[in-house]
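Here is a short report for a computational chemist. It takes up pockets, cavities and a handful of single residues.

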Amino acid sequence: MGFGFLMDPTFRLVATGSALIGAVGGVLGTFALLRRQSLLGDAMSHAALPGIVLAFLLTGSRDLPLLLVGASLSAWLGALLVVLITHRSRIRPDAALGLVLSVFFGIGMALLTVAQRRPTAAQAGLERFLFGQAAVMLPQDVEGIARTAALIFLLIFLFWKEFKVLAFDPAFAAAMGLPVMALDILLTTLTVLAIALGLQAVGVVLTSAVLVAPAAAARQWTNRLERMVILAGGLGALSGVLGTLLSTWIGRLPTGPVIALCASGIALFSLLFAPRRGLAWTVKSPGGKRRAGPSG
Amino acid sequence: MAPFLFARREPPAPGAGPVIEVTDLTVMYGDRPVLWDVDWEVPAGVLMAVVGPNGAGKTTLLRTILGLVRPVAGSIAVFGRPPAEARRWIAYVPQRTAVDWDFPATVLDVVLMGRYRHLGWVRRPGAQDRERALEALAQVGMVHLAHRQIGQLSVGQQQRVFVARALAQDAWLYLMDEPFAGVDATTEQALIEVLRGLKAAGRTVIVVHHDLQTVPLYFDWVTLLNVRCVAWGPVTAVFTADYLRQTYGERASILSG
Amino acid sequence: MLAPQVEIMLVAALAGAACALPGVFLFLRRMSLVGDAISHAILFGIVAAFLIVRDLRSPWLMIGAAGTGVLTAVAVDALRRTGRVKEDAALGLVFPALFSLGVVGIARGVGNIHLDLDAVLLGELAFAPFDRLIWGGWDLGPRGAWVMGGLLILNLILILTLYKEFMLSSFDPDLAAISGFPPAVLHNLLMGMTALTVVAAFDVVGVVLVVAMLVVPAATAALLTDRLAPMLGLSVLLGLLMALGGYGLAYALDLSIAGSMATVGGILFALAFLGAPAHGLIAQARQAARRRERLAQQMLVIHLLSHEGTEAEREENCIRTLPAHLRWDPAFAERVIDRAERAGWVVREGDLLRVTEAGRQAAQEILGANGGAPSHPPS
């Protein structure tokens with residue numbers, strides 16, 4: 001087993017795609033984390049599955065952008081249903097998330113058995129969206145990822161201070177006259193886009209890991225939102241590249257779990273050893289009232 | 001959205017009647033009335049406390065003035081306009097517990113949020129805004145902590161940050177929800193001095209307050225609220241045992257002496 | 001010996017019913033997603049336990065895997081307590097990591113476990129009739145039925161014997177502690193029950209759809225009843241319905257069995273969400289319309305009373321100007337005044353509305369003992 005593939009243009013392409021996906025996930029995951037919506041990402045990524053399969057069934061096309069539009073629409077619908085269920089019934093967010101996540105995924109799996117009966121199903125390779133398969137990325141796919149990522153970064157840059165105040169103090173943002181609802185919709189849409197990109201490399205089952213883990217890791221290293229977003233993007237990109245590299249190197253592995261493991265490893269290391277907040281430092285001073293982190 | 005786009009700074013027409021005018025206001029929370037047929041007026045330049053028992057609708061009243069809660073009946077005019085239009089002249093201090101203090105932001109970051117309204121979309125805070133924010137921090141005695149992470153502050157310091165953020169807004173009407181809750185005596189004194197300063201500068205300040213003992217010391221006007229507006233006016237006129245009993249029931253007898 | 005389809009349905013129904021029971025308590029404790037985390041983490045548990053016992057059928061494998069599930073719940077809680085991350089992030093960090101480890105283990109064929117990734121997601125219900133429990137030369141039926149049936153009985157026994165303890169600790173952990181029922185013990189018991197059930201049901205419907213069996217029946221039952229005992233009963237019933245209906249759907253349309261079960265669960269929930277007698281959307285809309293008119297009638301008398309005997313009375317309490325003052329649509333105002341008149345709360349005196357003695361009493365009752373005084377303008 002050599003390292004020749006590092007020079008391979010295909011590998012470089014795939015690594016670039018994965019890095020971008022990881023970076024987008026880390027940046028939007030930061031907002032999801034701070035708004036306590038980490039698990040909404042999980043529900044949305046699972047909810048994307050029926051959209052992918054339906055897009056294939058309705059059009060018969062295996063065009064990636066088209067499948068991802070289907071994924072985005074159904075992820076959005078999932079998020080909307082979570083909000084509807086929690087606002088209009090006694091069901092609390094945890095159960096509403098679990099409901100949407102498992103039912104949408106179930107519908108997706110049921111539709112997948114329909115899709116598999118189509119003669120073109122094998123080439124469509126819909127199964128790769130379950131656990132991700134970065135290796136099948138094409139040049140035009142990576143180009144699409146790069147365009148979407150650029151759009152997402154631009155919008156976050158433009159609405160930076162609005163998103164910041166929305167995440168910190170929505171009541172104040174509303175009192176200030178900011179259109180909180182519109183901003184919320186925009187941020188959710190960007191998160192849905194990040195998830196749609198993530199599906200290719202990480203898959204519906206584990207995309208949420210790319211949102212949560214890099215952001216949680218970055219939070220341990222800095223107390224500034226600006227730095228946290230950049231760091232989370234960087235750590236996400238690192239997980240993407242590392243995961244793709246490892247899964248290519250080891251072979252016979254879907255990339256999703258490997259990327260998720262890399263991101264989780266980085267998060268674990270940060271939780272333990274980040275300066276000041278690292279848990280390893282608090283263990284050494286038992287009973288000490290040193291507050292590295294806040295309560296609540 | 002429009003008023004935010006064109007961040008105008010002109011002061012509201014001075015001397016043109018009351019700052020807030022509320023008529024026949026009813027607000028529901030779910031299927032429970034929180035404010036019932038409230039008539040209320042706030043003249044310009046007062047330092048007013050809003051007191052009443054728990055669940056009296058004090059926070060709801062502030063949120064309705066801000067246009068964050070839609071009333072089921074009645075009307076509100078702030079500076080003679082609907083609440084949504086008047087927001088540019090209002091600064092709001094929410095309850096301290098409403099936000100996540102582990103948020104990755106420094107004290108200065110939070111105070112700078114008070115400048116966002118003046119900046120409008122896309123533009124970033126500049127040197128001038130930074131200066132104004134530091135000035136606001138100086139007013140509450142917090143300049144030395146400007147670069148501290150907000151999670152490392154004490155309760156009193158967190159409250160000072162919130163007040164500084166409101167000061168940085170350069171507003172004409174200040175709405176504060178329990179700014180003295182849980183703060184130490186020094187902070188309380190410091191904050192009340194700031195509020196007096198605002199009043200002296202001709203601004204109107206409305207504070208939801210829970211400590212009846214200090215009402216006559218700190219405020220010149222008071223509103224007694226318990227779902228209905230029991231009474232409002234100068235402290236000397238309406239902060240009486242009789243009205244307090246109507247607001248709190250018999251429990252308020254501590255003050256009758 | 002039963003027909004294979006009947007055997008599959010039996011196993012699925014038992015799994016649905018067994019999951020529905022702990023699901024109710026997870027729902028009440030707002031821990032439905034802990035169930036989600038446990039069902040993902042046990043995959044790692046199964047792989048790890050297999051490496052030790054080397055036997056896919058050993059009960060120790062099940063217990064070991066369930067232990068991992070309980071440990072996950074403990075780990076999430078410990079991580080949250082450090083204050084470094086919030087609860088949602090703690091969950092979101094722990095279970096994808098463990099699940100990924102499990103998937104990697106299986107994909108790499110660690111210890112030659114014969115599971116493929118499809119089975120991880122969807123279970124192997126269709127194979128249930130081939131795995132039989134043979135004892136003393138007798139064929140006792142599919143093993144899955146015995147395992148799921150055993151767990152259903154175990155869950156039933158636990159919940160029936162500790163009914164009041166579970167109820168109290170879910171509703172008010174402090175009171176439970178004071179009353180001598182340590183909430184931590186009950187909590188861990190519930191986690192153990194959940195984990196064991198999930199490990200067993202994993203074979204039937206796979207990782208993600210176990211979540212459907214834990215969450216959907218309980219949430220649907222919560223829309224249909226306000227009391228715990230009927231909620232448990234309904235939840236079990238819905239679990240059965242979901243499993244049997246799902247199998248029927250899968251059989252009729254040749255779909256994935258597990259996917260169909262979750263789909264049927266979603267349909268059942270949607271029906272309850274819209275049509276539940278008291279908590280459904282339709283019932284809520286009807287109640288809201290009724291409440292709005294009743295409230296408006298109350299608002300009318302209170303408004304009339306506050307301006308009674310003041311100079312503004314002619315202006316405020318006049319039928320023509322009233323809609324403008326209260327910001328009501330004139331037609332709506334007319335309806336409300338009619339209602340109030342019929343109720344005997346107000347009478348018309350030309351253009352002026354006056355509150356009757358009955359209306360006065362009604363207003364006093366609405367306002368209660370406090371806040372009954374009329375507004376006072378500043379003096």
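Which helices of chain C each supply at least two residues of the lining of the second largest pocket? They are α3 (59-81), α6 (143-161) and α9 (183-205). Note that the model is predicted.

**The second largest pocket**

About 770 Å³ of space lies in this pocket. Its lining counts 25 residues, and the closest to its centre are L56(C), R57(C), D131(C), R143(C) and D203(C). Helix α9(C) gives the largest share of the lining, with 5 residues. By class, the lining of the second largest pocket holds 17 nonpolar, 3 polar and 5 charged residues.

**Cavities**

How many cavities of 30 Å³ or more does the structure hold? There are 4. The table sets out the largest and the second largest of them.

| Cavity | Volume | Nonpolar lining residues | Polar lining residues | Charged lining residues |
|---|---|---|---|---|
| Largest cavity | about 100 Å³ | 3 residues | no residues | 6 residues |
| Second largest cavity | about 80 Å³ | 6 residues | 4 residues | 1 residue |

The lining of the largest cavity draws on chains A, B and C. Chain A gives L33(A), L34(A), R36(A) and R219(A). Chain B gives D100(B) and D102(B). Chain C gives R84(C), V85(C) and K86(C). Charged residues number 6 in this lining, and polar ones are absent.

The second largest cavity is lined by residues of chain A. They are L28(A), F31(A), A32(A), R35(A), Q37(A), L40(A), G41(A), M44(A), L187(A), T188(A) and T191(A). The elements that give two or more residues to this lining are α1 (9-34), α2 (38-59) and α10 (180-201) of chain A. The lining of the second largest cavity has 6 nonpolar residues and 1 charged residue.

**S264(A)**

Is S264(A) buried or exposed? S264(A) counts as buried, because its relative accessibility is 10% and the buried class runs under 20%. This serine lies in helix α13 (residues 255-273) of chain A. The side chain of S264(A) reaches the backbone oxygen of A260(A) at 2.7 Å. Leaving out residues up to four places away in sequence, S264(A) touches A213(A), L93(C) and A97(C). Those contacts of S264(A) include residues of chain C as well as one of chain A.

**D220(B)**

D220(B) sits in the loop between α9 (215-218) and β8 (221-226) of chain B. At 27% relative accessibility, D220(B) counts as partly exposed. What does the side chain of D220(B) make a polar contact with? The partner is the side chain of K199(B), at 2.8 Å. Neighbours within four places in sequence aside, D220(B) is in contact with V46(B), L47(B), M48(B), K199(B), P234(B) and V235(B). Q95(B) is 125 residues away from D220(B) along the chain, and 23 Å separate their C-alpha atoms.

**Positive phi in chain B**

Most residues other than glycine have a negative phi. Which way does phi go at F79(B), positive or negative? F79(B) is not a glycine, yet its phi is positive, at about 50 degrees. F79(B) is found in the loop between β4 (73-78) and α3 (83-86) of chain B.

D170(B) also has a positive phi of about 50 degrees, and D170(B) is not a glycine. D170(B) lies in the loop between α7 (155-168) and β6 (173-177) of chain B. With 24% relative accessibility, D170(B) counts as partly exposed.

**Chain C: domains and I178(C)**

The domain assignment of chain C gives domain 1 (4-277) and domain 2 (283-370). How many Å separate the centres of domain 1 and domain 2 of chain C? Taken over C-alpha atoms, the separation is 55 Å.

I178(C) is found in helix α8 (residues 173-178) of chain C. I178(C) is exposed, because its relative accessible area is 70% and the exposed class starts over 50%. I178(C) and L253(C) are 75 residues apart along the chain. Their C-alpha atoms are separated by 55 Å.

Definitions and conventions: Residues numbered from 1 in each chain as written. Chains lettered and ligands numbered in written order. Heavy atoms only, no water. Helix = DSSP H or I, 4+ residues; strand = E, 2+ residues; numbered from the N terminus. Buried < 20%, exposed > 50% of the residue type's maximum accessible area, 1.4 Å probe, protein only. Polar contact = N/O pair within 3.5 Å; in protein donor to acceptor, adjacent residues only side chain to side chain. Contact = heavy atoms within 4.5 Å. 1 Å grid on protein atoms, 1.4 Å probe; cavity = no way out; pocket = protein on both sides within 12 Å on 5 of 7 lines; lining within 4 Å. Points joined across faces, edges and corners; volume = space filled by probe spheres on them. Nonpolar A, V, L, I, M, F, W, Y, C, P; charged D, E, K, R; others polar. Domains from an automatic or database assignment.
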